[in-house]
Amino acid sequence: MAGEKETTKVAIDKYRRFLHEDHVAAAETMEWRHGIPPNYDSVNNVFEQGRTKVWPEGSLEETLQNSMKTWEMELKYKTCIKDFRTINPEKFKVFVNGREGLSAEEILKVGGYNALLKNSMPNEFKYHKEDQETFETSHTAFRSAFPRGFAWEVINVYTRPPVVTYKFRHWGFFEGPFKGHAPTGEMVQFYGIGIMKVDKYLRIEELELYCDPAELFGGLLKGSKKSESNTEHQDGQDDNTTTQHCPFNHN
């Protein structure tokens, strides 16, 4: 198994460069968040079954798609910026919906979900309170909601390097609880636009992302809240045992 001191070569993820190193010595020096490289078989299946585009091998679209999947993998599972190969660490900045840019170290600290979902609404109106979440709690919440993974694809590419503009789609199946909301089993998805500045090695120097988090939360909040379900169940018991209520109150 990858991460254990095996001498055999580990299979390479076809969508994520650098996930498993070719040489055991290099893999042993890599600092993984959970001690070993992650396995993306489940989300790869979601991606292959649900993607709307199959880009030609070696095309700019496929290269961009795989680079972004690799960057997402590094952000989630590597703990040291020195191990990142998809970015130029000296110049790297992420800008989400026009907000102030985050450095590589900053986004590694707060986590991708907290960076992507941050907004200026008052906390009482937020579905995801990023200032009360950590890297771990935010990822735990979305892993719970999407147990098979949250797939990502490139929909279109509008400009070529060194500044690549593209449209993307993010989707998964709401099959686990999310912050007290019961799963619906339905597909949840959202779309966005990315503008990526790269260097001559195609490493990311700046990344601008524009998306509407309400597209994501609209699907996740459709599931009934546990407290509401419990209250309705209790009300039903009261109907059968004690006080008679107007039947329309339950609606």
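Okay, one term before we start: a residue is called exposed when its relative accessible area is over 50%, buried when it is under 20%, and partly exposed in between. By that cut-off Lys82 is exposed, because its relative accessible area is 60%. Keep that in mind, and keep in mind too that this is a predicted model.

So, the overall picture. The protein has 251 residues, and 42% of them are buried. Its secondary structure amounts to 8 helices and 6 strands. If you walk along the sequence, the order goes α-α-α-β-β-α-α-α-β-β-β-β-α-α.

Back to Lys82, then. What does Lys82 form a salt bridge with? The partner is Asp83, with the closest N and O atoms 3.3 Å apart. Now look at the partner's surroundings: Asp83 counts as buried, because its relative accessibility is just 8%. So here an exposed lysine, Lys82, is paired with a buried aspartate, Asp83.

In general, side chains of opposite charge can pair when their charged atoms come close. In this model the count comes to 12 salt bridges. Let me show you two others. Arg33 and Glu136 meet through their side chains at 3.9 Å, N to O. Arg33 sits in the loop between α1 and α2 while Glu136 is in helix α6, so this pair ties together parts that are 103 residues apart in sequence. Both ends are partly exposed: Arg33 at 25% and Glu136 at 46%.

The other one is Arg203 with Asp199, at 2.8 Å, N to O. Arg203 is partly exposed at 26%, whereas Asp199 is buried at 12%.

Next up, the largest pocket. How much space lies in it? About 750 Å³. The lining has 37 residues, and those nearest the centre are Glu72, Lys76, Tyr113, Phe150 and His170. Helix α3 gives the largest share of that lining, 7 residues. Other elements that supply at least two residues each include α2, α6 and the strands β3 and β4. As for character, the lining splits into 24 nonpolar, 6 polar and 7 charged residues.

Last stop, on the surface. Tyr158, Ile193 and Tyr210 make a nonpolar patch of about 270 Å². You'll find Tyr158 in the loop between β3 and β4, and Tyr158 counts as partly exposed, at 46% relative accessibility. Those two strands should sound familiar, as β3 and β4 each help line the largest pocket as well.

That's my tour, thanks for listening.

Note on methods
Residues numbered from 1 in each chain as written. Predicted model: local features only at pLDDT ≥ 70, side-chain atom pairs only at ≥ 80, totals over all residues. Heavy atoms only, no water. 1 Å grid on protein atoms, 1.4 Å probe; cavity = no way out; pocket = protein on both sides within 12 Å on 5 of 7 lines; lining within 4 Å. Points joined across faces, edges and corners; volume = space filled by probe spheres on them. Helix = DSSP H or I, 4+ residues; strand = E, 2+ residues; numbered from the N terminus. Nonpolar A, V, L, I, M, F, W, Y, C, P; charged D, E, K, R; others polar. Patch = residues over 30% accessible without salt bridge, like charges linked within 9 Å, V, L, I, M, F, W, Y side chains within 5 Å. Areas by Shrake-Rupley, 256 points an atom, 1.4 Å probe, with all protein chains shown as cover. Salt bridge = Lys/Arg side-chain N within 4 Å of Asp/Glu carboxyl O. Buried < 20%, exposed > 50% of the residue type's maximum accessible area, 1.4 Å probe, protein only.
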